Amino acid sequence: LMPLIHQGLTDSEEFVIVKAIEAFTSLTRSGLLRKTNIVGGLLQDILPLLLHPNVWIRYAASGFIMGLAESFSPADIQCTLLPSLRSYVRHPVLQLNQSLVLLDALVP
């Protein structure tokens, strides 16, 4: 199932990309994805979508980041998530539990 959902991240239809990100968000929030799978590649595939021109894809990607922040420990957030976000935001983001805070900090 994971390879099929992952393939949806590179689909030409934006609706499919949004649904693939939402599926990964649901799997992450329910604890069905291992941290090694997320950090190993999934995070690096979804982070560039934070800068996608389509607003729904950006919202879905920020929702995934919020889902990670909910399931990660504070140490994982500081050591893994925030350093990965650094190149996509204008200023450091301290609060990852609100989508608008992350979306406002994104590089234009």
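Visitor: Does Glu70 count as buried, partly exposed or exposed, and at what relative accessibility?

Guide: In this predicted model, the class follows from the relative accessible area, and the exposed class begins over 50%. Glu70 lies in helix H4, residues 55-71. Because its relative accessibility exceeds that cut-off, Glu70 counts as exposed, at 56%.

Visitor: Which residue forms a salt bridge with Glu70?

Guide: Side chains of opposite charge can pair when their charged atoms come close. For Glu70, the closest N and O atoms of the pair are 3.2 Å apart, and the limit for a salt bridge is 4 Å. The partner is in helix H2, 41 residues away, and the pair links distant parts of the chain. That partner, partly exposed at 41% relative accessibility, is Arg29.

Visitor: How many salt bridges does a search of the whole structure find?

Guide: One of them joins Arg29 to Glu70. Another is formed by Lys19 with Glu22, and Asp76 forms one with Lys35. The search of the whole structure gives a total of three.

Visitor: How many residues apart are Lys19 and Glu22 in helix H2?

Guide: Both residues belong to helix H2, which covers residues 14-29. Their closest N and O atoms are 3.1 Å apart. Lys19 is partly exposed at 41%, and Glu22 is partly exposed at 34%. Along the helix the spacing is about one turn, that is, three residues.

Visitor: What distance separates the closest N and O atoms of Asp76 and Lys35?

Guide: This pair links distant parts of the chain, with Asp76 in helix H5 (residues 74-85) and Lys35 in helix H3 (residues 35-46). A salt bridge requires the nitrogen to be within 4 Å of the carboxyl oxygen. The pair meets that limit, its closest N and O atoms being separated by 2.4 Å.

Visitor: Is Asp76 buried or exposed?

Guide: The buried class requires under 20% relative accessible area. Asp76 has a value of 17%, whereas its partner Lys35 is partly exposed at 42%. Because the value for Asp76 falls under the cut-off, Asp76 is buried.

Visitor: Which helix gives the most to the nonpolar surface patch?

Guide: The patch covers about 450 Å² and is made by Val55, Trp56, Tyr59 and Leu100. Trp56 is placed in helix H4 and is exposed, with a relative accessible area of 60%. With three residues in the patch, the helix that gives the most is H4.

Key:
Residues numbered from 1 in each chain as written. Predicted model: local features only at pLDDT ≥ 70, side-chain atom pairs only at ≥ 80, totals over all residues. Heavy atoms only, no water. Salt bridge = Lys/Arg side-chain N within 4 Å of Asp/Glu carboxyl O. Helix = DSSP H or I, 4+ residues; strand = E, 2+ residues; numbered from the N terminus. Buried < 20%, exposed > 50% of the residue type's maximum accessible area, 1.4 Å probe, protein only. Patch = residues over 30% accessible without salt bridge, like charges linked within 9 Å, V, L, I, M, F, W, Y side chains within 5 Å. Areas by Shrake-Rupley, 256 points an atom, 1.4 Å probe, with all protein chains shown as cover.
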